[in-house]
Amino acid sequence: MPQSNSWAARAADLRPDGRAVIDGQRVSAVDGQTFEKRSPIDNRLLGAVARGQAADVDAAVRAARAAFDDRRWAGKAPAVRKKILQRFADKILGAKEELALLETLDMGKPIQYSLSVDVPSTARCIAWYAEAVDKIYDEIAPTPDSALALITREAMGVIGAIVPWNYPMIMAAWKLGPALAAGNSVVLKPSEKSPYTACRLAELAVEAGIPPGVFNVVPGFGHEAGEALALHMDVDAIGFTGSTRVGRRMLDYSGRSNLKRVYNELGGKSAFLVFDDFKDLERTAKTVAGSMFFNQGESCNAPSRVLVHERVAEAFTALVAAEAPGYAPGNPLDTGTVLGALVDETQMRTVLGYIDAGNAEGARCVAGGQQALAQTGGFYVEPTVFAGVSNGMKIAREEIFGPVMSILTFKTEEEAIALANNSSYGLQASVWSDGLNRAHRVARALRAGTVHVNQYDEDDITVPFGGYKQSGNGRDKSLHAFDKYTELKTTWIRLD
């Protein structure tokens with residue numbers, strides 16, 4: 001693997017292609033418009049990216065619809081689609097270093113994690129759905145002797161996928177894997193803050209044998225390309241990952257167009273509950289710090305609300321504060337860096353604004369709290385820990401999407417559950433207790449799509465991911481994701 005100076009040299013020589021991929025070809029925007037893409041590492045110019053508009057989205061949807069209607073992909077046997085998708089996964093791994101460098105330059109995450117997490121997870125997701133597709137059976141319903149009732153699962157048609165900038169490849173794979181495996185065509189709109197790997201994935205898909213038109217990518221801004229995709233009358237479903245604010249718009253766009261299905265994976269303010277009967281506080285502190293500060297805190301499932309029993313709160317807070325300096329921001333191209341740059345200046349200013357709000361509302365900053373590495377021209381914030389937080393404070397209620405942790409205290413199990421559930425979000429939670437009964441009892445009471453017990457984020461592709469309440473609807477990952485991209489058809493046959 002290249003060393004840090006080699007990554008910097010490769011980055012300096014990189015000239016990424018920002019054109020769209022429509023019907024298997026790299027193309028400029030119809031009107032020729034582009035936008036500048038800069039790296040959050042040091043604000044260097046990476047290149048010009050096609051600024052997709054309604055006309056570009058329409059071209060991509062027409063290509064996707066033609067590919068679906070002529071059955072060039074949906075008509076292949078599941079075993080054939082499986083082999084092609086497996087080749088796609090292999091192509092992704094074969095381009096591991098190229099994709100990792102693009103991801104790091106695009107959105108600022110450390111190169112070591114782009115290499116060890118993002119690229120392998122993307123390939124693994126595609127391969128998993130490839131392997132699953134010829135193992136899902138249809139059904140025969142119970143009927144009298146005079147009838148035969150078939151319940152079949154069919155590809156939906158054209159899927160619009162709109163993904164965020166925090167895990168660009170992984171989030172794309174969570175949509176692409178089940179949608180393509182089921183036989184759909186896809187139009188992917190990556191975030192304007194992280195467009196490059198999506199475009200490269202589309203090229204690799206064609207190289208692997210996925211027919212032109214089946215997987216298209218239109219980069220651009222949300223209010224232009226994203227809105228056009230969500231409003232398009234020939235898109236059958238939207239798979240969206242992003243903010244709750246934009247998720248509401250997706251539902252509105254559906255109502256204003258063709259009532260397309262909308263599946264939203266939205267924000268989170270995940271509660272991390274530490275009870276006083278869990279003895280290994282040091283492991284708990286290391287886990288919450290590692291999970292909170294991973295990916296610069298730019299994770300919808302980051303455990304940003306830490307609820308600690310008052311008897312152990314002081315000791316636990318000291319342990320977490322001691323962990324924070326180990327996540328000092330650094331150059332993402334350095335292979336030793338564990339916390340990189342926030343995605344852009346806007347996000348950095350947003351995070352710093354929340355830190356100011358925490359201080360103003362009376363929370364006690366016990367670690368971090370400042371901008372870092374300003375001299376680089378990049379966008380870095382120290383890992384920050386607030387103690388003395390109440391659930392009514394802004395930092396405890398709103399999704400920050402940065403390396404900011406809030407520590408709250410509770411007296412009883414009932415209070416802990418009430419605090420955890422007193423949120424508009426319900427994406428994830430974690431329970432730390434040595435009591436088997438308590439762990440089960442609290443896990444059942446929490447209103448969250450995933451509850452971890454005595455660990456955090458150790459799950460994998462085999463289980464669903466999604467949330468309760470304003471954290472969205474539908475599920476990514478696991479076999480349940482097929483439900484989003486398929487239709488159920490009943491065929492009732494009379495037998496004479």
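Asp457 counts as partly exposed, because its relative accessibility comes out at 37%. That's a handy way into this structure, which is a predicted model. Asp457 also turns up among the residues closest to the centre of the second largest pocket, and its backbone has a positive phi of about 60° even though it is not a glycine. Below is a quick tour of the loops, the pockets, the cores and one buried lysine.

**Two residues with positive phi**

- Asp457 sits in the loop between strand S21 (450–453) and strand S22 (468–469).
- Leu259 is another non-glycine residue with a positive phi, in this case near 55°.
- You'll find Leu259 in the loop between H9 and strand S11 (261–265).
- Is Leu259 buried or exposed? Leu259 is exposed, because its relative accessibility is 64% and the cut-off for exposed is over 50%.

**The second largest pocket**

- This pocket has a volume of about 690 Å³.
- Its lining is made up of 27 residues, and Val117, Ser121, Ile170, Trp174 and Asp457 are the closest to the centre.
- Helix H5 (111–132), H6 and helix H10 (281–293) are the elements that each put two or more residues into that lining.
- H5 supplies the largest share, with 5 residues.
- By residue type, the lining splits into 13 nonpolar, 8 polar and 6 charged.

**The largest pocket**

- The largest pocket comes in at a volume of about 1,100 Å³.
- It is lined by 39 residues, with Trp165, Gly242, Ser243, Arg245 and Val246 lying nearest its centre.
- Four elements give two or more residues to this lining: helix H8 (222–231), strand S10 (237–241), helix H9 (244–256) and helix H12 (345–360).
- Which element gives the largest share of the lining of the largest pocket? That's H9, with 7 residues.
- The mix here is 15 nonpolar, 15 polar and 9 charged residues.

**The nonpolar cores**

- As background, nonpolar side chains tend to be buried together in soluble globular proteins.
- In this model, the largest nonpolar core holds 77 residues, and Leu85, Phe88, Ile92, Ile210 and Phe215 have the most contacts inside it.
- Helix H6 (residues 168–181) is the top contributor to this core, with 10 residues.
- H6 is also one of the elements giving two or more residues to the lining of the second largest pocket.
- Phe88 is a good residue to click on: setting aside neighbours within four places in sequence, it is in contact with Ile126, Leu201, Leu204, Ala205, Ala208, Ile210 and Phe215.
- Apart from the largest core lies another one, of 31 residues, including Leu342, Ile400, Ile417 and Val442.

**A buried lysine**

- Lys82 lies in helix H3, which covers residues 78–94.
- Why does Lys82 count as buried? Its relative accessible area is 15%, and the cut-off for buried is under 20%.
- Not counting residues up to four places away in sequence, Lys82 touches Ala130, Glu131, Val133, Asp134 and Lys135.
- Take Asp134 from that set: Lys82 and Asp134 are 52 residues apart in sequence, while their C-alpha atoms are 7.4 Å apart in space.

Note on methods. Residues are numbered from 1 along each chain as its sequence is written. This is a predicted model: local features need pLDDT of at least 70, side-chain atom pairs count only at pLDDT 80 or more; totals for chains, interfaces and linings use all residues. Side-chain values use heavy atoms; hydrogens and water are left out. Buried means under 20% relative accessible area, exposed over 50%, partly exposed in between (1.4 Å probe, protein chains only). Contact means heavy atoms within 4.5 Å. A nonpolar core is a set of buried Ala, Val, Leu, Ile, Met, Phe, Trp, Tyr and Cys residues joined through side-chain atoms within 4.5 Å. On a 1 Å grid over the protein atoms alone, a cavity is a set of points where a 1.4 Å probe fits but cannot get out, and a pocket is an open set with protein on both sides within 12 Å along at least five of seven lines; lining residues have an atom within 4 Å of a point. Grid points are joined across faces, edges and corners, and a volume is the space filled by probe spheres set on the points. Ala, Val, Leu, Ile, Met, Phe, Trp, Tyr, Cys and Pro count as nonpolar, Asp, Glu, Lys and Arg as charged, and the others, Gly among them, as polar.
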